[in-house]
Amino acid sequence: MTEAKRALEEIKASDSPELYYQSRVLLARCYQSEGSYDRAATVWEQIRSMSKPPIDRGTIQYELGMCYWKAGRLEDAKKAWDEARDKGHEAAQASLFRKAELQLADPPNRLEAVTTLEDALKSVQRPEDYR
């Protein structure tokens, strides 16, 4: 993966904007897979600032929250997951589950986790509704 990561790092926006945008997503995921969460968060932040990112904004916010969480930036993670929830799509539900997980780990906020989980599951009526 090291060679692939180096190749992704060398792609510039001036080479091809579309290729550059896609390479940032792959690079962020490479950093995440190796446990470099601060570096991954920096790349996800770059992707978030793109006018037309290559993936939906909810997914970007979810992944950014995951990086913040793994890097110990819990408040930033909660904010990112709240933004993912507001964007909708599948990332919204996943973000609520992760936020509830944080709340369950924090004794003073455990009761809030119930509300967060209810919110995550409110649109689930059938098994196929669960994403």
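# A tour that starts at R48

Start by selecting R48: at 33% relative accessibility, this residue counts as partly exposed. Keep in mind as you click around that the model is predicted. Color the helix that R48 belongs to, which is α3, covering residues 37-48.

Now show what surrounds R48. Leaving aside residues up to four places away in sequence, R48 touches R57, I60, Q61 and L64. Next, add A77 to your selection and draw a distance from R48, C-alpha to C-alpha: the separation is 15 Å. Along the chain, R48 and A77 are 29 residues apart. Hold on to A77, as this residue comes back later in the tour.

**Zoom out**

Switch to a cartoon of the whole protein. How many helices and strands does the protein have? There are seven helices and zero strands, so to speak a run of α-α-α-α-α-α-α when you read along the sequence. Turn the view around and follow the C-alpha trace, which spans about 50 × 30 × 25 Å along its principal axes.

Try coloring by accessibility, too. Of the 131 residues in the protein, 39% count as buried. For contacts with a separation of 6 or more, residues 24 or more positions apart account for 38%.

**Stop one: α1 and α2**

Select residues 2-10 for helix α1 and residues 17-33 for helix α2. Their axes lie 9 Å apart, and the two helices pack at an angle of about 140°. That angle is why α1 and α2 are described as oblique to each other. Look at the handedness as well: the crossing of α1 and α2 is left-handed.

Bring up the side chains where they meet. On the α1 side, pick K5, L8 and E9; on the α2 side, pick S23, R24, L26, L27, C30 and Y31. Sorted by class, this contact of α1 with α2 has five nonpolar, one polar and three charged residues.

**Stop two: the cysteines**

C30, which you just selected in the contact with α1, deserves another look. Is C30 buried or exposed? With a relative accessible area of 10%, C30 is buried. Select C67 next: this cysteine is buried as well, at a relative accessible area of 0%.

Why is there no bond from C30 to its closest cysteine sulfur? That closest sulfur is in C67, 12 Å away, which is too far for a bond. Looking back from C67, the closest cysteine sulfur is the one in C30, again at 12 Å and too far. A disulfide needs the two sulfur atoms within 2.5 Å, and the count for this model comes to zero disulfides.

**Stop three: α5 and α6**

Finish with helix α5, residues 74-87, and helix α6, residues 89-105. Their axes come within 7 Å and cross at roughly 150°. That makes α5 roughly antiparallel to α6. The way α5 passes α6 is a left-handed crossing.

Here A77 returns, as one of the α5 residues in this contact. Select A77 along with L74, K78, W81, D82, A84, R85 and K87 in α5. Facing them from α6 are H89, A91, A92, S95, L96, R98, K99 and L102. Color the whole set by class and you get eight nonpolar, two polar and six charged residues in the contact of α5 with α6.

Definitions and conventions
Residues are numbered from 1 along each chain as its sequence is written. This is a predicted model: local features need pLDDT of at least 70, side-chain atom pairs count only at pLDDT 80 or more; totals for chains, interfaces and linings use all residues. Side-chain values use heavy atoms; hydrogens and water are left out. Axes are lines fitted to C-alpha atoms, for helices over the stretch in contact, and angles run from 0 to 180 degrees between N-to-C directions. Helices (H or I, at least four residues) and strands (E, at least two) are DSSP runs, numbered from the N terminus. Angles under 35 degrees count as roughly parallel, over 145 as roughly antiparallel, 65 to 115 as roughly perpendicular and the rest as oblique. A crossing is left-handed if the near helix is turned anticlockwise from the far one by less than a right angle, and right-handed if clockwise. Contact means heavy atoms within 4.5 Å. Ala, Val, Leu, Ile, Met, Phe, Trp, Tyr, Cys and Pro count as nonpolar, Asp, Glu, Lys and Arg as charged, and the others, Gly among them, as polar. Buried means under 20% relative accessible area, exposed over 50%, partly exposed in between (1.4 Å probe, protein chains only).
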